[in-house]
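This briefing concerns a predicted model. It addresses surface character, helix packing, aromatic contacts and backbone geometry in turn.

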Amino acid sequence: MRTGSHERAFFTGQSEKEFAWFGPAASLPLLSMNADRAARIIMDGVLAGKPTVLVGWLPKVAHRVHGLAPGLTTRAMGIANRLLPGARSDQAGLREGRDAASGLNSKVVRALTTLGSKAARKNNERS
């Protein structure tokens, strides 16, 4: 859900690298959904009495694949986890997303998080 939380989320370990994948994932249209649209889908599902509401195409595909091949899904999630940046032994504590972004100073990541930053302004994620 595209709320702008990538700017206020806290990162540990390799905060710049963590932000470099989390920021775009929380912002890009194919991977995230406008928060207002997601809220409408959730409310429609709740009002219809659905026990489960999946928001967006990616969770729907993941749900079906897991239903067909739970072992494959578990292995795929393990591989994805190993590809994510690991914690450093010299962790200095938590860093907020916007601080990690400024430390990263990447024009590519900044461009990929444009919609997320717009959502942050709309949803008062900025102080």
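A nonpolar patch on the surface of this predicted model is formed by L30, L31, W57, L58, V61, V65 and L72, with about 670 Å² of accessible area together. Helix α3 (residues 57–68) supplies the largest share of the patch, four residues.

**Nonpolar patch**
- V61, one of the patch residues, is found in helix α3.
- V61 counts as partly exposed because its relative accessibility is 42%, which falls between the limits of 20% and 50%.

**Packing of helix α1**
- Helix α1 (residues 15–25) has S15, E18, F19, G23 and P24 as its buried residues.
- These buried residues pack against β1 (10–11), β2 (95–96), α5 (97–104) and α6 (107–112).

**Aromatic contacts**
- The count of aromatic pairs comes to three.
- One pair, F11 and F19, is edge-to-face, at 6.0 Å centre to centre and with 80 degrees between the planes.
- F11 is buried, with a relative accessible area of 6%, and F19 is likewise buried, at 3% relative accessibility.
- F11 and F22 have ring centres 5.7 Å apart and planes at 70 degrees, so this pair is also edge-to-face.
- Because F11 lies in strand β1 and F22 in helix α1, their pair ties together parts that are eleven residues apart in sequence.
- F22 counts as partly exposed, at 25% relative accessibility.
- F11, F19, W21 and F22 form one aromatic cluster.

**Backbone geometry at N105**
- N105 lies in the loop between α5 and α6.
- The phi of N105 is near 50 degrees, a positive value in a residue other than glycine.
- N105 is exposed, with a relative accessible area of 56%.

Conventions. Residues numbered from 1 in each chain as written. Predicted model: local features only at pLDDT ≥ 70, side-chain atom pairs only at ≥ 80, totals over all residues. Heavy atoms only, no water. Patch = residues over 30% accessible without salt bridge, like charges linked within 9 Å, V, L, I, M, F, W, Y side chains within 5 Å. Areas by Shrake-Rupley, 256 points an atom, 1.4 Å probe, with all protein chains shown as cover. Salt bridge = Lys/Arg side-chain N within 4 Å of Asp/Glu carboxyl O. Helix = DSSP H or I, 4+ residues; strand = E, 2+ residues; numbered from the N terminus. Buried < 20%, exposed > 50% of the residue type's maximum accessible area, 1.4 Å probe, protein only. Contact = heavy atoms within 4.5 Å. Phe/Tyr/Trp six-rings, centres within 6.5 Å; stacked < 30°, edge-to-face > 60°.
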